[in-house]
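Biologist: I would like to go through this model one question at a time. Please give the reasoning before each result.

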Amino acid sequence: MNELYDYNNTKDFSRLFEQNKITQQYDFNFSGGADKALYYVSSNYTKNQYSAVKNKSDRFLLSGRGTYQFTDKLSFRLTTDFSQSTGTSVPQYNYGDFSSTERFQDSNGNPLPTVFGSPSSTIYNPGIIAQGYYDNLNYPLKEINEVSDINKLTMNRIVGDLNYKLTPGLLLTLGGVYEYSSANKIHYASENSAESKQFVNFYSENNNGTILFNLPRGGYQKTTVASTLGYTFRGQLTYDKKLSENHSINVIAGAEVRKIIAEANTSANFGYSDKTLLQQPVNYPKIFNGNWYNTRFGNISLYYQDLFNKVYNEDRYLSAYFNGVYAYKSRYILSGSMRIDQSNLFGTNPKYKYKPLWSVGLAWNVDREGFMQPVNWVNSLKLRLSTGFNGNISKESLPQIIAAYALNNRMVPVATSLNIKNLENNNLKWEETSNFNSGLDFTVFNRISGSIDYYNKKSKDLLANAAIDPTKGGAATLLNSARIQNKGFELTLNGDWIQRKRFNWNTGIAFSYNTSKVIDVYQNNLKYNYQFVDGTVASNYIVGYSVGGMFSFRDAGLNSLGLPIVYDQNGKAKQLSYISNDEGINDLVYSGNNIPAYTLGVSNRFDIGPFYLYFMIDLNAGFKTRIPRPSPNSFRPQEGAESYFKNPGDEKTTDVMGFLGTYNYDSTRAYYAYDNSDKYTVNGAYILLRDVTLSYKLKSAFLKKTGFSNFELKAQGTNLYTHGFNKYNYSVATGSYLRRNLVPTFTLGLFTNF
């Protein structure tokens, strides 16, 4: 027994299921042309080996650009992009899926079963096999050799624009876009895989000791073929002219028509062999009529719609747009834009079809004023003001009832039915956002440049699923739910501090601050305390608080039963129970926002002769995060779980909740209180060393003679270090409390031109 508990499979997991992540990238570009024809061709091949074993991909890209000047007035520009990629993957496991004491193979290297993925017990499995069924356990080390997914994707995009100068300053552009993509995904589980065996076992019948397999023994294959075809036709007039010495104008007006057709087809085979390419018939009406239930096996069931399905979707868009800029003495600039979009997505009600999006702006080049000429350390200075409106409407938010065809398995025989996706709502409106921006762009001392921006965004009629009267046909539907405000400022700064022949130092800084506030909630269905915990969901918005507001239970430790207790608003300790003592938001305290209010990025580059060193640091601050609580129920308990509550009296020495005897509504409340305690809600700020790059440019007369104009060797490391500014050194950037740093990535590259 001691040998069992002393074993930790972390190293074995890494050895058997993980590999070094490697990316290989090759680029080849060339260009050329004559006076009236220019071209540029680029190609790229990328090969990836991912961190999970037997997971890899490759991609080939080919792009071409061509410009052709037929006459002084007529020209043509053509752009083509082609890509083809193939990805191969096998089941990917996380070491947290397994208990730390589970072994993946025996002393002879044979695969061993695990609890994860095994619907049957190792105790009863030998009896299952003895009766004539398949082995019903999961062997991860075996599964990665028996199950695979192959994804092939091909994409092609062609853009053509024909330009004709009608008059001096007036240009007519007629163009279009052709887009096509095809995807082919093949999922295959061999006869030896746990996936295939468990399906066969589940759809079996035992009649007095005689087993009838309704799914044939053998492999399982599912194939999905999908394609997307798109056309865009565009006509545009551009007028760009200096009307006089002090007046200039630039106007763009155009319209475009777009159509997108997406199709997909899915089919499945059972009793399939990838060697003979043969399959066996299946009596689908039998296993899908009614609800198939097998008391012997708790395996995952199949759904007909997942095995056989066909999708056809066609969207059409019609747009008109306008953009105009007027400048006086190149100092004062007035700009405006407007766009109207119409689509088959918007239903038949005209008020949902026409919603112009617009913006107007003013700019002042202060540096060109006479009073600024003596200030020679200011190279450029521009003030900007703009305001505008944009909107959005969901594809599911039509004025009509939206439903999808489906098969009703609860009827015998199976019948065609409709699944309601969204109820009729003629009062649905666009999500609308009004924007106000002001900014300052500057360059000083010929070395320091940057910008400062302030913005204020007010959004209303935000769409969210909200509870409705069930007698109207559903428990929830999409409604215009809230009005919020976002405001903040952004600063960018770029400085060339030192510029010498063999030494340069450049710094880039990007800083932003954002705050939000919920102004109004049209319909608030929040009632119970646990519903207020996560404020990032639109249906959980609370007036007066920020988007992403976190509410926490006031921690009061554990009671004599080992269950968490909390303080109510009057400071009295209580154990949460279902409804009876639930006081809603009054049971909680506001902890702060879980969205960073401050973000800062700082980069530095040092050029020293043929070398340069670059590094970038990111900082996120002004938010809160929760520390995941230890639990003895976890397959891989985190540090501290060993001190969980065991006997009355332990509540005086530990706050780690113990095992719950039975599951009920009160236990659900207990977990909410335990996982969302104010005691373990901490500062979420963290710093990340995002990028370090070292480069060396080799300059040689010999290389120039051989035709090479540039030869550069580059080494790069990303996500090298992370630090969380709390006593746990926890950072949400890592994605897991059990990991203190992001997984670093290292790249070695060779670049050349000839």
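Biologist: Is D461 buried or exposed?

Modeller: The model is predicted, and what follows is computed from it. D461 is found in strand β18. Its relative accessible area is 8%, and the cut-off for burial is under 20%. D461 is therefore buried.

Biologist: What is the phi of D461?

Modeller: Most residues other than glycine have a negative phi. D461 is a residue other than glycine, yet its phi is positive. The value is near 60 degrees.

Biologist: What distance separates the C-alpha atoms of S481 and D461?

Modeller: S481 is in strand β19, residues 476–499, while D461 lies in strand β18. S481 is buried, with a relative accessible area of 6%. The two residues are 20 residues apart along the chain. Their C-alpha atoms are separated by 5.9 Å.

Biologist: Which residues gather with K458 in a patch of positive charge on the surface?

Modeller: K458 is placed in strand β18, which covers residues 448–467. With a relative accessible area of 48%, K458 is partly exposed. A patch residue needs over 30% relative accessible area. The residues that gather with K458 are R483, K487 and K517.

Biologist: Where is K329, and what is its phi?

Modeller: K329 sits in the loop between β11 (309–328) and β12 (332–343). K329 counts as partly exposed, because its relative accessibility is 34% and the partly exposed class lies between 20% and 50%. K329 is not glycine, but its phi is positive, near 55 degrees.

Biologist: Why is helix α5 described as largely enclosed by the rest of the structure?

Modeller: Helix α5 spans residues 194–202. Its buried residues include K197, F199, V200 and F202. The helix is largely enclosed because the number of its 9 residues that are buried is 8.

Biologist: What covers the buried residues of α5?

Modeller: Cover is judged here by contact, meaning heavy atoms within 4.5 Å. Among the covering elements is a helix, α4 (140–146). The strands among them are β6 (170–189), β7 (204–207), β8 (210–213) and β9 (219–242).

Biologist: What accessible area do the residues of the nonpolar surface patch have together?

Modeller: The patch is formed by I608, F611, L613, L694, Y696, L698, L713, L748 and L750. Elements that give two or more residues to the nonpolar patch are β27 (611–621), β30 (686–697) and β32 (745–753). L694, found in β30, counts as partly exposed at 44% relative accessibility. Together the patch residues have about 840 Å².

Biologist: What separation do the C-alpha atoms of F28 and V41 have?

Modeller: F28 is found in strand β1, residues 22–33. At 39% relative accessibility, F28 counts as partly exposed. F28 and V41 are 13 residues apart along the chain. The C-alpha separation is 8.4 Å.

Biologist: What share of the residues of the chain counts as buried?

Modeller: The chain has 9 helices and 32 strands. Its accessible surface comes to about 42600 Å², of which 56% belongs to carbon and sulfur atoms. Of its 754 residues, the share that counts as buried is 37%.

Biologist: Among contacts between residues at least 6 apart in sequence, what share joins residues at least 24 apart?

Modeller: The count takes contacts in the chain and leaves aside pairs less than 6 apart in sequence. The share that joins residues at least 24 apart is 66%.

Key:
Residues numbered from 1 in each chain as written. Predicted model: local features only at pLDDT ≥ 70, side-chain atom pairs only at ≥ 80, totals over all residues. Heavy atoms only, no water. Patch = residues over 30% accessible without salt bridge, like charges linked within 9 Å, V, L, I, M, F, W, Y side chains within 5 Å. Areas by Shrake-Rupley, 256 points an atom, 1.4 Å probe, with all protein chains shown as cover. Salt bridge = Lys/Arg side-chain N within 4 Å of Asp/Glu carboxyl O. Lys, Arg positive; Asp, Glu negative; His and termini not counted. Charge placed at Lys NZ, Arg CZ, Asp CG, Glu CD. Helix = DSSP H or I, 4+ residues; strand = E, 2+ residues; numbered from the N terminus. Buried < 20%, exposed > 50% of the residue type's maximum accessible area, 1.4 Å probe, protein only.
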